[in-house]
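Here's a quick briefing to read alongside the model. Have the sequence and the 3D view open while you go through it.

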Amino acid sequence: MYSISKKIKIGKKALIQKDRFINDEAIPAAVTRFTCCECGQENTVEISPYQSGFPILQIYNENKVISRSELLKNQMTTETSQRMQHYGALTVNDMPTLYFGTNCTSCNANYICIFSYGEKQPSLEVLNISGIWEYQEVE
Ligand SMILES: [Zn+2]
């Protein structure tokens, strides 16, 4: 799990086993698997609330890593509703949204995972994985 600082180009979306975790399902970590688009390897990802990931703002700020329009076009995030703007302009389900980079354990292809985590309603904590996409660094 790492942060991404170079410009990237988004490729295919990987197939994920499970993308929504409620309350205890995400404690101590939400665990799911995704299938590598290149080699078919099943990779495991573990997301620990309040520990895993980096704020998504860091990658779309000034279009540093990826532009806002790419994030929207690939349906990686949506525009945040007006009353939740404190979470940033782009989020997943209007909740605090994070990302991380990971690699296929077999062929080393690069992937970016985007997810959000927070209290959707009182006593309903939801971790929602928007998706895991293959990416390439742009020279
Ligand atoms: Zn692979």
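Which residue in the turn of the β4 and β5 hairpin has a positive phi? That's G40, with a phi of about 80°, and the hairpin leaves six residues between its two strands. Keep in mind that this is a predicted model. The rest of the tour starts at that hairpin, moves on to the zinc ion, and ends with the cores and the salt bridges.

**The hairpin and its sheet**

- β4 and β5 run antiparallel to each other, and six bridges pair them.
- One place to see the pairing is F34, whose bridge partner in β5 is N43.
- The hairpin belongs to an open sheet of three strands, ordered β2-β4-β5 and paired antiparallel.
- β2 (15-16) and β5 are the edge strands, so to speak the outer rails: each pairs on one side only.
- On the β2 side, two bridges hold the antiparallel pairing with β4, and L15 has T35 as its bridge partner there.
- β5 has two faces: N43, V45 and I47 make up the covered one, while E42, T44 and E46 make up the uncovered one.

**The zinc ion**

- Four cysteines supply the protein donors through their SG atoms: C36, C39, C104 and C107, lying 2.3 Å from the zinc ion.
- The site is tetrahedral, with angles of 104 to 115° among the four donor atoms.
- Along the chain, the donors are spaced as C-x2-C-x64-C-x2-C.
- That spacing brings distant parts of the chain together: C36 sits in the loop between β4 (30-35) and β5 (42-47), and C107 sits in the loop between β9 (97-103) and β10 (110-121), 71 residues apart.
- C39 is also in the loop between β4 and β5.
- C39 and C107 are 68 residues apart in sequence, yet their C-alpha atoms are 6.7 Å apart in space.
- Setting aside neighbours within four places in sequence, C39 is in contact with C104, S106 and C107.
- Is C36 buried or exposed? C36 counts as buried because its relative accessibility is 4%, and the cut-off for buried is under 20%.
- C39 is partly exposed, at a relative accessible area of 38%, and C107 is partly exposed too, at 34%.

**Nonpolar cores**

- As background, nonpolar side chains in soluble globular proteins tend to be buried together.
- The largest nonpolar core here has 18 residues, and I47, Y111, L127, I129 and I132 are those with the most contacts inside it.
- β4, β5, β10 and β11 are the elements that give this core two or more residues.
- β10 provides the largest share of this core, at four residues.
- I47 ties two topics together: it's on the covered face of β5, and it's among the residues with the most contacts inside the largest core.
- Leaving out neighbours within four places in sequence, the contacts of I129 are I16, K18, D19, F21, T32, I47, C113, I114 and F115.
- A second, separate core has 17 residues, among them V92, Y99, W133 and Y135.

**Salt bridges**

- How many salt bridges does a search of the whole structure find? It finds four, and three of interest follow.
- E137 forms one with K6, with the closest N and O atoms 3.8 Å apart.
- E137 lies in strand β11 (residues 124-137) and K6 in the segment before β1 (8-13), so this pair ties together parts that are 131 residues apart in sequence.
- E137 counts as partly exposed, at 40% relative accessibility.
- K18 and E25 meet through their side chains in another salt bridge, 3.5 Å from N to O.
- Both ends of that pair are partly exposed: K18 at 31% relative accessibility and E25 with a relative accessible area of 40%.
- E70 forms a salt bridge with K73, where the closest N and O atoms are 3.1 Å apart.
- E70 and K73 are three residues apart in helix α2 (residues 68-73), so about one helical turn separates them.
- E70 is partly exposed, with a relative accessible area of 27%, whereas K73 counts as exposed at 60% relative accessibility.

Methods:
Residues are numbered from 1 along each chain as its sequence is written. This is a predicted model: local features need pLDDT of at least 70, side-chain atom pairs count only at pLDDT 80 or more; totals for chains, interfaces and linings use all residues. Side-chain values use heavy atoms; hydrogens and water are left out. Donors are N, O and S atoms within 2.8 Å of the metal (3.2 Å for Na, K and Ca); water is not among the atoms, so sites may look incomplete. Four donors count as tetrahedral if all angles lie between 85 and 135 degrees; four count as square planar and six as octahedral if opposite donors are over 155 degrees apart and all others between 65 and 115; anything else is irregular. Buried means under 20% relative accessible area, exposed over 50%, partly exposed in between (1.4 Å probe, protein chains only). A nonpolar core is a set of buried Ala, Val, Leu, Ile, Met, Phe, Trp, Tyr and Cys residues joined through side-chain atoms within 4.5 Å. Contact means heavy atoms within 4.5 Å. Two strands pair if DSSP finds at least two bridges between them.
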